[in-house]
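Let's take a walk through this chain together. Please have the sequence and the 3D view open side by side.

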Amino acid sequence: MTRGDFVVADDQDNVIARTHTIVHENVVNMVEWTSGRTPATDAEATSLLTTVLATYGPDVEYTLAVGRENMAAVALYRSLGFVETGDFIMTRAPGLTA
């Protein structure tokens, strides 16, 4: 099992977006996602997610939890290839590229 932290900060080192990853076998689970702003309107949040995708590559599955009512985040995740698999879970299948 591998763990990683990804952070985007502003010029004053204030955290704008952060996620912690836990990698087990062929699955990257993004947990503890936080953002100071709405992810769908933040270039920084999009950059954070695309950095995670680029770090682990297209040959793994990605999972994260998001409330269905958070439509801005759901739209962002969908734009990056994630699909809903349950009430709060979205996944991105291996083989997709950002």
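What follows moves from the overall layout to the core, and then to a few individual residues.

A word on confidence comes first: this is a predicted model. The mean pLDDT of the chain is 82, and 89% of the residues reach at least 70. Confidence varies along the chain, with strand β4 (residues 61-65) highest at a mean of 91 and strand β6 (residues 89-92) lowest at 76.

Now for the layout. The chain contains two helices and six strands. If you trace them from the N terminus, the order is β-β-β-α-β-α-β-β. Of the 98 residues, 35% count as buried. Among the contacts with a separation of 6 or more, 42% are between residues that lie 24 or more positions apart.

A good place to start is the hairpin of β1 and β2. These two strands run antiparallel to each other and are paired over eight bridges. To find your bearings, look at Val7, whose bridge partner in β2 is Arg18. Five residues separate the strands of this hairpin, and Asp13 has a positive phi there, near 65 degrees. Moving along to the loop between β2 and β3, you come to Glu25. Glu25 also has a positive phi, near 55 degrees, and is not a glycine. Such values are worth a second look because most residues other than glycine have a negative phi. As for its surroundings, Glu25 has a relative accessible area of 71%, so it counts as exposed.

Let's turn inward. The largest nonpolar core is made of 22 residues, and those with the most contacts inside it are Met30, Tyr62, Leu64, Val66, Tyr77, Phe82 and Met90. Two or more core residues come from each of β1 (2-9), β2 (15-24), β3 (27-35), α1 (43-56), β4 and α2 (71-79). Helix α1 supplies the largest share, five residues. For a view from within, centre your display on Tyr77: beyond its neighbours up to four places away in sequence, Tyr77 touches Trp33, Leu49, Leu64, Val66, Phe82 and Met90.

Which buried polar side chain deserves a visit? Try His20, which has a relative accessibility of 14% and therefore counts as buried, the cut-off being under 20%. His20 sits in strand β2. Its side chain makes a polar contact of 2.7 Å with the side chain of Asp5. A polar atom of the His20 side chain also lies 3.2 Å from the backbone oxygen of Gly4. Leaving aside residues up to four places away in sequence, His20 touches Arg3, Gly4, Asp5, Asn29, Met30, Val31 and Glu32.

Finally, how many aromatic pairs are there? The count is two. One of them joins Phe6 and Tyr56 in an edge-to-face arrangement, with 6.0 Å between the ring centres and 65 degrees between the planes. Phe6 belongs to strand β1 and Tyr56 to helix α1, so this pair ties together parts that are 50 residues apart in sequence. The two partners fall into separate accessibility classes: Phe6, at 12% relative accessibility, counts as buried, whereas Tyr56, at 23%, counts as partly exposed.

Note on methods. Residues numbered from 1 in each chain as written. Predicted model: local features only at pLDDT ≥ 70, side-chain atom pairs only at ≥ 80, totals over all residues. Heavy atoms only, no water. pLDDT = per-residue confidence, 0-100. Helix = DSSP H or I, 4+ residues; strand = E, 2+ residues; numbered from the N terminus. Core = buried A, V, L, I, M, F, W, Y, C linked by side-chain atoms within 4.5 Å. Buried < 20%, exposed > 50% of the residue type's maximum accessible area, 1.4 Å probe, protein only. Contact = heavy atoms within 4.5 Å. Polar contact = N/O pair within 3.5 Å; in protein donor to acceptor, adjacent residues only side chain to side chain. Phe/Tyr/Trp six-rings, centres within 6.5 Å; stacked < 30°, edge-to-face > 60°. Pairing = 2+ DSSP bridges.
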